[in-house]
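Hi,

Here's the structure I promised to pass along. Have a look at it first, then read my notes underneath.

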Amino acid sequence: MKGFYSIIGLIYVVTTSFYLSPGAVVKNEKIKTTKVERVIETKSGNNAETASSSEVLYKSIAFDPEHELNYEVFSKALTGFENLRKAGLLTEDSHLLTICDFSMSSNTKRLWVIDLNEKKVLFNSLVAHGKNTGEEFATNFSNRESSLQSSLGFYITDATYQGDNGYSLRLLGMDKGFNDAAYRRAIVMHGANYVSDEFAAMHKRIGRSWGCPAVPKELTQPIINTIKGRNLLFIYYPDQNYLSSSEWLKA
């Protein structure tokens, strides 16, 4: 109809109920999700714009405009977070999401620790990839021992310990064939002096680990103490084999 415009808006509210029974038995979370959808109809045809609940959450987080996490990476991390929680591998009250975007230059702050409840970035930091994964940019990944390469996928943070690299955090790889050898390979989060702007200015890249997601020395304890104890870490790279294979990325 000439000059006719109709706008239909459906707004979803995400409500979450948490229940943790005695003896640390985790009961599956009940999630009611409503999708935010706006349909605009004009005489020239239909133009549908859809904002999912993940988009709504993403837009509510106060990212630094100069160090904003890519939405597609966030969306994939959130999908894995929800699937791992449904599988009982994360507790129902888990609300921390740590993301390393290894598609970015190692000279940029490509690690984010996000509080999903508070919709707040707790840390945004440099993070190293493995020596044989690449120079400034990560390109090669492996699950093999002694490869000195980073491994893609979802990890659950475990216990802390004092090792050769000081205060460190054990990581449990959740993706079969991609990072499930992490514990055996001693792929952990630890601090390193080579993860710094000063090192990058001198060498045109930050230093590289033996496969561990190493962070700046001054942030080691604050980050590790925040995410330790069964929280989620996602190491991302646009590797199509991984993205199409991970069971945790299935919608």
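Below is what turned up on helix 2, the second largest pocket and the cysteines.

Keep in mind that this is a predicted model.

Let's start with helix 2. It runs over residues 71-86, which makes 16 residues. From first C-alpha to last it reaches 22 Å, close to the 22 Å expected at 1.5 Å a residue. At its start, a side-chain oxygen of N70 comes to within 2.8 Å of the backbone nitrogen of E72. After the helix comes G88, with a positive phi near 80 degrees. Quite a few helix 2 residues are buried, among them Y71, F74, L78, F81 and R85. The list of buried residues also includes S75, G80 and N83.

Next, the second largest pocket, since you may want to look at it yourself. Its volume is about 360 Å³, and 17 residues line it. Strand 11 (153-163) and strand 13 (188-192) are the elements that each give two or more residues to that lining. By class, the lining has eight nonpolar, seven polar and two charged residues. Which residues lie nearest the centre of this pocket? They are N165, R185, A186, W210 and C212.

That brings me to the cysteines. C212 counts as buried because its relative accessible area is 7%, under the 20% cut-off. C100 is buried too, as its relative accessibility is 0%. As for disulfides, a search of the whole structure finds zero.

Shout if anything looks odd when you open it.

Cheers

Note on methods
Residues numbered from 1 in each chain as written. Predicted model: local features only at pLDDT ≥ 70, side-chain atom pairs only at ≥ 80, totals over all residues. Heavy atoms only, no water. Disulfide = S-S within 2.5 Å. Buried < 20%, exposed > 50% of the residue type's maximum accessible area, 1.4 Å probe, protein only. 1 Å grid on protein atoms, 1.4 Å probe; cavity = no way out; pocket = protein on both sides within 12 Å on 5 of 7 lines; lining within 4 Å. Points joined across faces, edges and corners; volume = space filled by probe spheres on them. Helix = DSSP H or I, 4+ residues; strand = E, 2+ residues; numbered from the N terminus. Nonpolar A, V, L, I, M, F, W, Y, C, P; charged D, E, K, R; others polar. Expected span 1.5 Å × (residues − 1). Polar contact = N/O pair within 3.5 Å; in protein donor to acceptor, adjacent residues only side chain to side chain.
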